[in-house]
Amino acid sequence: MKTIRYVLWALVAVAGFGLGALSLDLFGTQQTVSGKAAIGGEFSLVNHKGERVDQTIFKGKPSVVYFGFTQCPEICPTTLLDMAGWAEALGTDGDKFNYVFFTVDPERDTPEVVADYMSAFDPRFIGLTGTPDEVKTALKAYRVYARKVELDDGDYTMDHTAAVYLLDAKGDFFGTVAYGEQQQNALAKLKRLLPSS
Ligand code: NI
């Protein structure tokens, strides 16, 4: 059931983007700026090395961005494994992207926990956490849904947006890769972000 819920949220996120584009097209007003500018903004967080960082980490290279939590049983590790696979499949072009994970669970995901988690996927991955307020601000800026769900055993899990975000080299929102999307589709999207040589 948990998986279904995640996938539903991924679909909601993707449908939202799709509808946004559709409604703009329907009126033919070319107001395409609004759809992209609405996602992203200022934040202040701590990376997995314990360094304070902000939205300027997205400047200079396109970015592959994911929002999740280290104790996620399935969707997050699957997606991060996919991201590591894309990075690998891109070969030398893989170094031309930032790979950034934002935790949606700052209470449990300390920089140390995030550092351990990132190292399990790819040494190039950057993990971000912060105080609950700092994380909330970042998630709001990127229009990411995240909600704590209490479990029967007193523990909790997190419901959250499951799509991977792609940002261009200016840090502006470019698009998404849906949960479970085929690698060749994902790679085609990533390659559109590379400067044509
Ligand atoms: Ni997850």
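Start by selecting strand β3, residues 63-68, and look at its two faces: Ser 63, Val 65 and Phe 67 lie on one side, Val 64, Tyr 66 and Gly 68 on the other, and all of them are buried (under 20% relative accessible area with a 1.4 Å probe and protein chains only; exposed is over 50%, and partly exposed is in between). With 6 of its 6 residues buried, β3 is largely enclosed by the rest of the structure.

Before moving on, a word on what you have open. This is a predicted model, in which local features need pLDDT of at least 70 and side-chain atom pairs count only at pLDDT 80 or more, while totals for chains, interfaces and linings use all residues. Residues are numbered from 1 along each chain as its sequence is written, and side-chain values use heavy atoms, with hydrogens and water left out.

Next, show the neighbours of β3. Strands and helices here are DSSP runs numbered from the N terminus (E, at least two residues, for strands; H or I, at least four, for helices). On the parallel side, 6 bridges join β3 to β4, residues 98-103 (strands pair if DSSP finds at least two bridges between them). Click Ser 63 and you will find Asn 98 of β4 opposite. An antiparallel partner is β8, residues 164-167, joined to β3 by 3 bridges; here Val 64 stands opposite Leu 166.

Now add helix α3, which with β3 and β4 makes a right-handed β-α-β unit: with the strands pointing away from you, the path from the first strand over the helix to the second runs clockwise.

Stay there and select the nickel ion. Its donors are Cys 72 (SG), Cys 76 (SG) and His 160 (NE2), at 2.1 to 2.3 Å. Donors are N, O and S atoms within 2.8 Å of the metal (3.2 Å for Na, K and Ca), and water is not among the atoms, so sites may look incomplete. The sequence spacing is C-x3-C-x83-H. Cys 76 in α3 (residues 75-89) and His 160 in β7 (residues 156-160) are 84 residues apart, linking distant parts of the chain. Both Cys 76 and His 160 are buried.

Move to helix α4, residues 111-119, where Val 114, Tyr 117 and Met 118 are buried. Down the axis of α4, the buried residues fall within an arc of 100° (taken from the directions from the helix axis to the C-beta atoms), so they line one face. Their cover includes α3, β4 and β5. On the other side, Glu 112, Asp 116 and Ser 119 are exposed.

Finally, colour by pLDDT, the predictor's confidence in each residue from 0 to 100. The average is 87, and 81% of the residues score at least 70. Residues 18-33 stay under 50 and have 4 contacts beyond four places in sequence (heavy atoms within 4.5 Å).
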